[in-house]
Amino acid sequence: MKKMDMDKKKNHRSRRKIPAAFLAVFLVASAALTPVYAASGLDRFSDAKSHWASASLEKAVEEGVLNGSDGKLNPNGTLTGAEMAVILVRKSGVQQWEKTYPGTSASDWYYMPCAVAMYQGILPQDGSLALKAPVTRSQVFLSFAHAYGYDIGEADTGVLSQYPDGSLFKGEEALAVSELVKRGIVSGDDKGMLNPEKNITRAEFVTMLYRADAPAQSGFRIEVSASDVPAGGSLKASVSFRNVGSPKTCEAQWYLDGEAVSGYYAASKVIAQDTVSSFSQKLEFSKYMATSHRIGFGLKYADQQTGQQVKLYAEKTVIVNNYSASYYDNLEKSALEKEALATVSSRYRGNYTSSYDIDYSPEIKQAFVHAKGYSSRTGYLIWVSLATQKVNVFGGFKGNWDLMRTFRCATGAPSTPTPVGVTYVTYKQSAWVTDSYTCRPIVRFYPGTGYAFHSRLYYPNTNRVKDASMGFPVSHGCVRMEDIGIYWLYNNIPVNTTVVIY
């Protein structure tokens with residue numbers, strides 16, 4: 001998609017620094033609950049589909065007025081001052097701001113929306129409304145009236161006499177609730193009460209939004225359009241302008257998640273009625289990537305009549321359809337198996353002493369047996385690594401082997417090597433006893449041969465080790481093991497278990 005025809009020479013960095021006053025326009029955090037699912041409407045929220053306010057909630061979600069997180073919309077949650085301000089700014093389409101709300105900082109998700117809300121009169125100029133605390137119904141009614149631009153100065157407060165607690169509203173709040181009652185936006189509860197000091201839920205508040213006519217959106221406006229991103233796709237957005245009037249020379253910037261994007265800044269961009277600009281950025285898809293992004297566009301210009309600086313900002317939250325977790329699991333598995341095949345060797349490269357002791361990581365071991373496609377007629381698989389002189393025991397089944405045990409061993413010397421290949425456990429016996437040595441116990445493999453796993457050599461009929469050599473090729477072809485290893489095999493590994501010598 002075509003980029004803006006802005007002066008890219010003004011910016012060569014990936015994240016451009018601009019004056020703090022202008023930067024504040026764009027440091028807009030998303031709503032407290034950010035969408036993370038790609039399903040449409042209420043399908044992505046398990047706590048909203050059968051809710052009494054589902055019709056209003058669905059409209060709010062589709063319009064981007066209300067968002068959720070982790071599959072929940074929290075319609076019964078108590079509305080806070082920050083949430084109220086953000087939702088009203090989104091619904092009213094307000095874009096202009098002048099100064100930030102007292103006590104907020106750029107790290108707050110509600111930083112910019114509250115600056116805009118204060119300019120609109122949704123929030124008090126003195127910062128007296130606590131943003132993190134629940135708001136009362138009377139506070140909501142007043143903010144709502146300001147957001148929708150209702151002229152409450154001439155409201156008839158006489159309508160409040162029908163409510164037992166109507167006299168509890170005072171000053172502007174009484175005027176505001178009177179106007180909302182007149183318009184059918186507010187009514188009493190099942191007991192006929194307006195409950196000015198009680199809190200309001202997110203669902204109740206959203207219901208108010210859709211009882212009212214859409215706020216009038218007039219004057220010079222930015223309109224950002226963006227579609228959800230398919231798996232593997234790019235963020236793409238376009239911006240157009242409404243009610244421009246005469247062309248305006250503006251400082252302009254595209255933003256992604258509140259940060260200026262390199263190559264999309266202009267110090268002097270002429271905006272006319274037919275101006276259309278575009279933004280595009282390729283995403284790096286990963287298993288735990290963000291599944292939503294805010295694409296924003298901001299302008300700053302001097303009003304031709306007053307000479308005052310006007311700051312506007314609009315943004316669109318875009319849902320990213322990520323690949324499934326299994327897709328990434330398979331990618332990781334494939335990459336690890338490729339690495340394992342390139343890493344694992346059957347050649348011993350040590351110094352033929354017990355001091356040489358190396359091993360592959362558990363991940364490489366598992367990836368190797370999976371890549372080779374080994375199977376077994378039992379729930380076990382044995383891999384004798386000639387390079388590391390280790391006996392690796394896996395549990396599971398083909399394609400899903402988990403490393404259970406690793407034991408040190410000594411395979412056949414160069415002159416009498418243990419044959420490379422795939423075989424199986426044929427039978428077991430308690431010991432070999434000869435005139436010159438004793439081995440105990442024995443686990444046979446390679447049918448019809450003398451090859452076996454066995455202990456170190458002991459003096460005949462004693463527990464005194466005759467040959468303690470371990471960790472390098474030294475045997476006559478069998479796989480010698482320390483007592484802890486061979487007894488574990490003897491006691492746990494069934495006949496017909498696959499044995500891989502590599």
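## Basis of the description

Helices (H or I, at least four residues) and strands (E, at least two) are DSSP runs, numbered from the N terminus. The structure is a predicted model, in which local features need pLDDT of at least 70 and side-chain atom pairs count only at pLDDT 80 or more, while totals for chains, interfaces and linings use all residues. Residues are numbered from 1 along each chain as its sequence is written, and side-chain values use heavy atoms, with hydrogens and water left out.

## Helix 5 and its surroundings

Of the 11 residues of helix 5, 9 are buried (under 20% relative accessible area, 1.4 Å probe, protein chains only), so this helix is largely enclosed by the rest of the structure. The buried positions are Arg-137, Ser-138, Val-140, Phe-141, Leu-142, Ser-143, Phe-144, Ala-145 and Ala-147. They pack against helix 3, helix 4, helix 6 and helix 7. Just after helix 5, Gly-149 adopts a positive phi of about 70 degrees.

## Nonpolar cores

A nonpolar core is a set of buried Ala, Val, Leu, Ile, Met, Phe, Trp, Tyr and Cys residues joined through side-chain atoms within 4.5 Å. The largest one comprises 61 residues, and Leu-123, Phe-144, Phe-205 and Met-208 have the most contacts inside it. At least two residues of this core come from each of helix 2 (54–62), helix 3 (81–92), helix 4 (111–120), helix 5 (137–147), helix 6 (171–182) and helix 7 (202–209). Helix 3 gives the most, with 7 residues.

Leaving aside neighbours within four places in sequence, Phe-205 is in contact (heavy atoms within 4.5 Å) with Leu-79, Met-84, Ile-87, Leu-88, Val-140, Phe-144 and Ile-200. Apart from the largest core lies another, of 31 residues, including Phe-220, Ile-222, Tyr-264 and Val-318.

## The three-stranded sheet

An open sheet of 3 strands follows the order 2-3-6 with antiparallel pairing, two strands being paired if DSSP finds at least two bridges between them. Strand 2 (221–226) and strand 6 (277–282) are the edge strands; each has a single partner strand, so one side of each is left without a neighbour in the sheet. On average, neighbouring strands of this sheet are turned by 20 degrees against each other, direction ignored, with axes taken as lines fitted to C-alpha atoms.

Strand 3 (residues 234–242) pairs with strand 6 in the antiparallel sense over 6 bridges. Ser-238 has Ser-278 of strand 6 as its bridge partner.

## Glu-251 in strand 4

Glu-251 belongs to strand 4 (residues 248–256) and counts as buried, at 13% relative accessibility. Its side chain makes a polar contact with the side chain of Tyr-265 (3.1 Å). Such a contact is a pair of N or O atoms within 3.5 Å; within protein, one must be able to donate a hydrogen and the other to accept it, and residues adjacent in sequence count only if both atoms are side-chain atoms.

Terms used. Buried < 20%, exposed > 50% of the residue type's maximum accessible area, 1.4 Å probe, protein only. Axes fitted to C-alpha atoms, helices over the stretch in contact; angles between N-to-C directions.
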